[in-house]
Amino acid sequence: MIICDPHHSTPALSSLTASIIGARPLKELYFCDNQTCALTLIKAGLGFSILPDIIPVRDPELCYIPVEGLPSLSFGLYYKKLGTHPALKDFVEIMKEEFKKIPQT
């Protein structure tokens, strides 16, 4: 199993990961600093990980298996409107379009 820094996870995910860590010998665990490192190790065939599934950034080379019983995580985009930059406006519009494509559950 590939374990990411628990400080970058939700409490529910950290708790689940901790219970799995306790049930495995250390020689079966890889620790890494962030999700990018974890995905690199997974793509190299070194193991699996339990990570947040962010649909717009899914990697087509990987298999995603949902874990039942974990709360869903909502998120949003926050920005300062005062003095809005054209690039920020474009980014916000692109995100609106991308998230409209995500199936609602």
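Contact here means heavy atoms within 4.5 Å. The points below concern a predicted model.

1. **Overall layout.** The protein has 3 helices and 2 strands. Along the sequence they follow the pattern β-α-β-α-α. Among these elements are strand S1 (2-3) and helix H1 (11-22), as well as helix H2 (35-43) and helix H3 (86-100).

2. **Burial and surface.** The protein has 105 residues, and 16% of them count as buried. Its exposed area is about 8,400 Å². Carbon and sulfur atoms supply 60% of that area.

3. **Sequence range of contacts.** Take the contacts in the protein with a separation of 6 or more. Residues 24 or more positions apart account for 55% of them.

4. **Ser49.** This residue lies in the loop between H2 and H3. Its relative accessible area is 19%, so Ser49 counts as buried; the cut-off is under 20%. Setting aside neighbours within four places in sequence, Ser49 is in contact with Ile2 and Ile42. The Ile2 side of this also has a polar component: a polar atom of the Ser49 side chain lies 2.7 Å from the backbone oxygen of Ile2.

5. **Cys4 and its surroundings.** Cys4 sits in the loop between strand S1 and helix H1. The residue is buried, at 15% relative accessible area. Not counting residues up to four places away in sequence, Cys4 touches Cys32, Asn34, Gln35, Ala38 and Leu51. The C-alpha atoms of Cys4 and Tyr30 are 8.7 Å apart, although 26 residues separate the two along the chain.

6. **Cysteines and disulfides.** Why is Cys4 not bonded to Cys32, its closest cysteine by sulfur position? The two sulfur atoms are 4.0 Å apart, which is too far for a bond. A disulfide needs the sulfur atoms within 2.5 Å. Cys4 and Cys32 do touch, but that contact does not meet the sulfur criterion. By this rule the count comes to 0 disulfides. Cys63 is a contrast in accessibility: Cys63 is exposed, at 67%, whereas Cys4 is buried.

7. **The ends of H2.** Which residue caps the N-terminal end of H2? Asn34 does, with a side-chain oxygen 3.1 Å from the backbone nitrogen of Thr36. Asn34 is also one of the residues that Cys4 touches. After H2 comes Gly45, whose phi is positive, near 85°.

8. **Asp59.** Like Ser49, Asp59 is placed in the loop between H2 and H3. Is Asp59 buried or exposed? Asp59 is buried, with a relative accessible area of 17%. Beyond its neighbours within four places in sequence, Asp59 is in contact with Lys43 and Tyr64. With Lys43 there is a polar contact of 2.8 Å between the side chains. H2 spans 35-43, so the partner Lys43 belongs to that helix by the DSSP runs.

9. **Tyr64 and aromatic rings.** Tyr64 is in contact with Asp59. What sits over the ring of Tyr64? The charged end of Arg58 does, 4.6 Å from the ring centre. As for ring-to-ring arrangements, the structure holds 0 aromatic pairs.

10. **Points to check in the view.** Start with Ser49 and the backbone oxygen of Ile2, at 2.7 Å. Then look at the Asp59 and Lys43 side chains, at 2.8 Å. Next comes the Asn34 cap on H2, at 3.1 Å from the backbone nitrogen of Thr36. End with the sulfur atoms of Cys4 and Cys32, at 4.0 Å.

Note on methods:
Residues are numbered from 1 along each chain as its sequence is written. This is a predicted model: local features need pLDDT of at least 70, side-chain atom pairs count only at pLDDT 80 or more; totals for chains, interfaces and linings use all residues. Side-chain values use heavy atoms; hydrogens and water are left out. Helices (H or I, at least four residues) and strands (E, at least two) are DSSP runs, numbered from the N terminus. Buried means under 20% relative accessible area, exposed over 50%, partly exposed in between (1.4 Å probe, protein chains only). A polar contact is a pair of N or O atoms within 3.5 Å; within protein, one must be able to donate a hydrogen and the other to accept it, and residues adjacent in sequence count only if both atoms are side-chain atoms. Rings of Phe, Tyr and Trp (its six-membered ring) pair if their centres lie within 6.5 Å; planes under 30 degrees apart count as stacked, over 60 as edge-to-face and the rest as tilted. A charge sits over a ring if NZ of Lys or CZ of Arg is within 6 Å of the ring centre and within 35 degrees of the ring normal. Accessible areas come from the Shrake-Rupley method with a 1.4 Å probe; for residues, only the protein chains shown count as cover.
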